[in-house]
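Q: I am new to this structure and would be grateful for a close look at a single part of it. Please take one element and explain where it sits and what surrounds it.

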Amino acid sequence: MDENDILFLSILNAERNLTKAAEKLFISQPALSYRIKALERELGVPLFHRSKNGVVLTVQGEYLIEFASKVHREFRKMREEIRTLGTEEIHGTIYLGA
């Protein structure tokens, strides 16, 4: 599992549709499906229930999404802190929500 997988999972969770998530990620739908299946094999549990109406997270998938979101925030924080170490200049990204 890498940082891209975290992004894939969070977008798929938000979209609840493989095709729409793949479009948003600028990858093909089969490539996204393959990566999700590879993650499920790696972890040994199903992460999504697939149906005609889209995908729904399993209990394990919900836990993974929550955990992955925390890890993603920590990665961003670590990158910002590394960039500012040893510099007098102010650096960083401002995240705004509405």
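A: What follows is an account of helix 1 and its surroundings. The model is a predicted one.

Helix 1 covers residues 3–15, 13 residues in total. From its first C-alpha to its last it reaches 19 Å, close to the 18 Å expected at 1.5 Å a residue. Just after the helix, Arg16 adopts a positive phi of about 60 degrees.

The buried residues of this helix are Asp5, Ile6, Phe8, Leu9, Ile11, Leu12 and Asn13. They pack against several other elements: helix 2 (18–25), helix 3 (29–43), strand 1 (48–51), strand 2 (54–57) and helix 4.

Two of these buried residues, Leu9 and Leu12, lead into the interior. The largest nonpolar core has 17 residues, and Leu9, Leu12, Leu32, Ile36, Leu47 and Phe48 are those with the most contacts inside it. Helix 1, helix 2, helix 3, strand 2 and helix 4 are the elements that each give two or more residues to this core. In soluble globular proteins, nonpolar side chains tend to be buried together. Ile36 shows how helix 1 is met from another part of the chain: leaving aside neighbours within four places in sequence, Ile36 is in contact with Leu9, Leu12, Phe48 and Arg50.

Asp5 brings a charged group into the picture. Asp5 forms a salt bridge with Arg35, and the closest N and O atoms are 2.7 Å apart. This pair links distant parts of the chain, since Asp5 belongs to helix 1 and Arg35 to helix 3, 30 residues apart. The two partners may also be described by their accessibility. Asp5 has a relative accessibility of 1% and therefore counts as buried, whereas Arg35, at 24%, counts as partly exposed. Side chains of opposite charge can pair when their charged atoms come close.

The count of salt bridges comes to five. Two others may be set beside the Asp5 pair. Glu66 forms a salt bridge with Lys70, the closest N and O atoms being 3.7 Å apart; because these residues are four apart in helix 4, about one helical turn separates them. Arg83 forms a salt bridge with Glu80, with 3.2 Å between the closest N and O atoms. Arg83 and Glu80 likewise lie in helix 4, three residues apart, about one turn of the helix.

In summary, helix 1 contributes to the nonpolar core and, through Asp5, is joined to helix 3 by a salt bridge.

Note on methods. Residues numbered from 1 in each chain as written. Predicted model: local features only at pLDDT ≥ 70, side-chain atom pairs only at ≥ 80, totals over all residues. Heavy atoms only, no water. Expected span 1.5 Å × (residues − 1). Buried < 20%, exposed > 50% of the residue type's maximum accessible area, 1.4 Å probe, protein only. Contact = heavy atoms within 4.5 Å. Core = buried A, V, L, I, M, F, W, Y, C linked by side-chain atoms within 4.5 Å. Salt bridge = Lys/Arg side-chain N within 4 Å of Asp/Glu carboxyl O.
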